[in-house]
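Please take a moment to look over the sequence and the structure below before reading on. The paragraphs that come after are meant to be read with both in view.

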Amino acid sequence: MSFDPDLAEIRFGCGLSPVLAPAKSTKAILAALSGPDKMAARFPIESFETFQGRMLERARQSAIRRKDRGSPASRAATKAIRRLNQTARIDAAGWFGQTLMRRTWTENGLRERLAHFWGDHFTARGKTGVLRRATSPYIEDAIRPHLAGRFEELLIAAVKHPLFLHYLDQQNSVGPNSAVATRRKKNTGLNENLAREVLELHTLGVDGPYTQQDVRQLAELFTGLTFQIRTGFKFNKHFAEPGVKTVLGKEYGGGPARLRDIHAVLRDLARHPATARHLCWKLAVHFVSDTPTEALVVAMTRRYDESRGDLMQVYETLLNHPDAWIPAGNIKQPIDFVGSACRALAVAPELIAEFDERALQLNIIQPMGLMGQIWERPEGPDGWPEEDRQWVTPQGIAARLQWAVAVPQVLQPDLPDPRDFVRTALGARSSAATAFAAKAAESRADGIGLILASPAFQRQ
Amino acid sequence: MSQRPLTRRAFLTRSAALGCSVAASPLLTPMTFAAAPGDNRLVVIILRGGMDGIGVVRPYGDPAYRALRGHHPMVSDTGPVDLDGFFAIHPALRPLMPLWHAGQLGFVHAVSTPYRDKRSHFDGQDLLEAGTPDLSQGLARDGWLNRMMTTMPGITARSAFAIGRDNMAILSGKTPVSNWSPDSDLQLSPQAMLLAEMVMAEDPLFSAALKEAYGLAGSDGDPVRSLASESEILAEMQQNMLAATRGGTETKIAEFAAQQLRGATRIASFSLNGWDTHSQQYKGLNKALGRLAQVILELKSGLGPVWDKTAVVAMTEFGRTVRLNGSNGTDHGTAGAMVMAGGAIRGGRVVTDWPGLEESALYKRRDLMPTRDVRAHAGWLMRELFGTSVRDLESTIFPGLEMGNNPRLVL
């Protein structure tokens, strides 16, 4: 099996569109991916840099509130904080709308899928206050610009990002013999969380060749990675543990604390063969099947090793490999399901722009929660599950079916004829049963819903 | 039914009355029950946000209490209710007093998870549900209820239910469990129901899930089959979503839990939100406790005779500061209280090794001092309800826990 434009759009893109033609070749897909990010320009999402303004204001108000609790100024600050939280919540719903519109109107679906994949690989979320809404801005700044570069650039960008440092408790990790620890004595200490997750989740993988000693040494090497609300990322030498650290048998540091040593270890980890294998396997699982063939993973891994983690070359190997074109693919995650439904319905940007937070919540975000994906709130740093079984639960399927029958009428006031929509949404992948259901349904809404709920549409 | 089957409990009551030694009863040997998960039920409610233990189970007999929290006379019908001359419960739990008198409501006080000092909801809940001693191993991958189930015999996917749309980390893990959210109410036209079955028949995974979804969605007395128009169905779905954001789904969750627990389900877990009472907490606590009381009463009425085999525990990630803050609320603290209910528990008492509220007795001079790891109480409950071994409890289910004395929480 090999390249098929419809399947390429479904499996590696955001689904079929009645308006936008699928790319004609692997080459065209990859060329678009290395070209300009048109969707980011057309449907902007706040950058994290801008988002920091919210954090700053929140910190300022918190200070006022703490100063003289119960005073009018303090009460006003409490209100201001509530407003800041509320505005961030409302804006975050808007960014979700933009995410959907990018998926609906892109001519390079692979970019949107990769932004989701790598954003999930480097899962980060805020734990308190306005920061809880920072995930999309983080992905916009740290992940999206690096989708087509070397993995090490992506890794370094994520690991140095304030939201990532916050999520994995790095910003307060202090070397036991650092300048700060010897001065302050209490409430300081090493936090191994980031170091452990970088080895286990982001690079080598849980079966990778590392020990607790490597985790400890990497945690010591990572000390100093922190951030300030005003200026963002900061390497704080006073937090840094002095001395040489040995990670996977190689020595780092020893002289004055330098960020360069952290970059060096991240580059070495990114180029490690175990990382190559782990990432290529994960990509194949995400895009093709829960159980990709060994041949596919090996081919991708070899290319990764040869190119020192050049992601474009890895994607190229994936797209050109016959084993990537098996007929029945993965179950779409709720974001892929809802996004591809919007695309098939050609949902108008003006319509989504007019949705307020409540409309987005009631019609899309909350139903996605019932499908099992509470948006930007995965349970742990390992992100969303890949296994089909996790998504095809009774409540997940009920939620998908109910959504498919009920909501399209809101998203597309001019619902298409289900008999046409079968072709629009499924192309040649429509089955006899689905075509029959489209014809036999009593209403347009039912017909559209059954097509969207069909296994052929829900698999990618 | 005119002829009621002899339940295990009824049998035990009778054999006890006949003077037969329970320990010697052949029906109680592990052999007999080896292939089944037993008859007892456990419901774990996660109270998200940090419940103020001191505001809920008030140590009014502590000399320092009044200065910290004020005087609330127990005279009117709306005031707090005395429990034992030392503790009184928050007025919003008044509807549960009949259970207290029947020995079916109890509390554990001045307990906490091993979580200390950072007081983050996120980490605190993660630790509570993971059941681990700290987060040094990174964030959790599975929950303690799920790990406990790996030690239970005769487990099927229906043995445990995670209910509601929250991810219940406490039940996630290797053992397959069922998930359902009673607000995922499925409504389809009769024709669409049939066509959906036909469309899904192509793919066994989907087909099986749909079949189960029809059963579960229809089990709340509101059938899947609907003659409503598409715009009515949409309005209904939106209404459900709205109800979910405003709360009010608790009753449905409790009803659903009871329904499953009457059948093959032995363990159910769900969460109740709204405990993060930083300001005007008498208002906030009233609401949250009202919901908790309602859920417990709903479980009791829904469970019928099964209530007698049921233990309900409500746990929270941490307690709150002993002092009120400037806005009549409390901030994140350390030790707090656990609520227990059910016919299987030995209630009518507040289990505690009360540390006192004078400043020197507080944790970091601000929080109620934890006197015991709340995991020990959960552990003993499981030990007594399901026969889970102390070794499993101390090693895999709650790593690093020392079970200590049996507080004998179960009848």
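What follows is a walk through a helix, a strand and the contact between two chains.

The model is a predicted one, and a good place to begin is chain A, with helix α7, which spans residues 135–143. Nine of the nine residues of this helix are buried, and α7(A) is therefore largely enclosed by the rest of the structure. Among these buried residues are T135(A), P137(A), Y138(A) and I139(A), and also E140(A) and D141(A). As for what surrounds them, the buried residues of α7(A) pack against α4 (48–67), α5 (72–105), α6 (109–121), α8 (151–159) and α9 (162–167) of chain A.

In chain B, a strand can be read in a similar way. Strand β10, made of residues 336–341, has six of its six residues buried, so β10(B) is largely enclosed by the rest of the structure. One of its partners is strand β5 (residues 105–112) of chain B, which runs antiparallel to β10(B) and is joined to it by six bridges; within this pairing, V111(B) stands opposite G336(B). Strand β9 (residues 310–316) of chain B also pairs with β10(B) in the antiparallel sense, here over three bridges, and A314(B) stands opposite V339(B).

Finally, consider where the two chains meet, a contact to which chain B gives 49 residues and chain A gives 50 residues. On the side of chain B, the elements that supply two or more residues are β7 (178–180), α8 (190–200), α9 (204–218) and α10 (230–246), and α10(B) gives the most, with nine residues. The residues on this side of chain B comprise 28 nonpolar, 15 polar and six charged ones.

Definitions and conventions
Residues numbered from 1 in each chain as written. Chains lettered and ligands numbered in written order. Predicted model: local features only at pLDDT ≥ 70, side-chain atom pairs only at ≥ 80, totals over all residues. Buried ≥ 20, exposed ≤ 12 C-beta atoms within 10 Å, placed from the backbone. Helix = DSSP H or I, 4+ residues; strand = E, 2+ residues; numbered from the N terminus. Pairing = 2+ DSSP bridges. Contact = placed C-beta atoms within 7 Å. Nonpolar A, V, L, I, M, F, W, Y, C, P; charged D, E, K, R; others polar.
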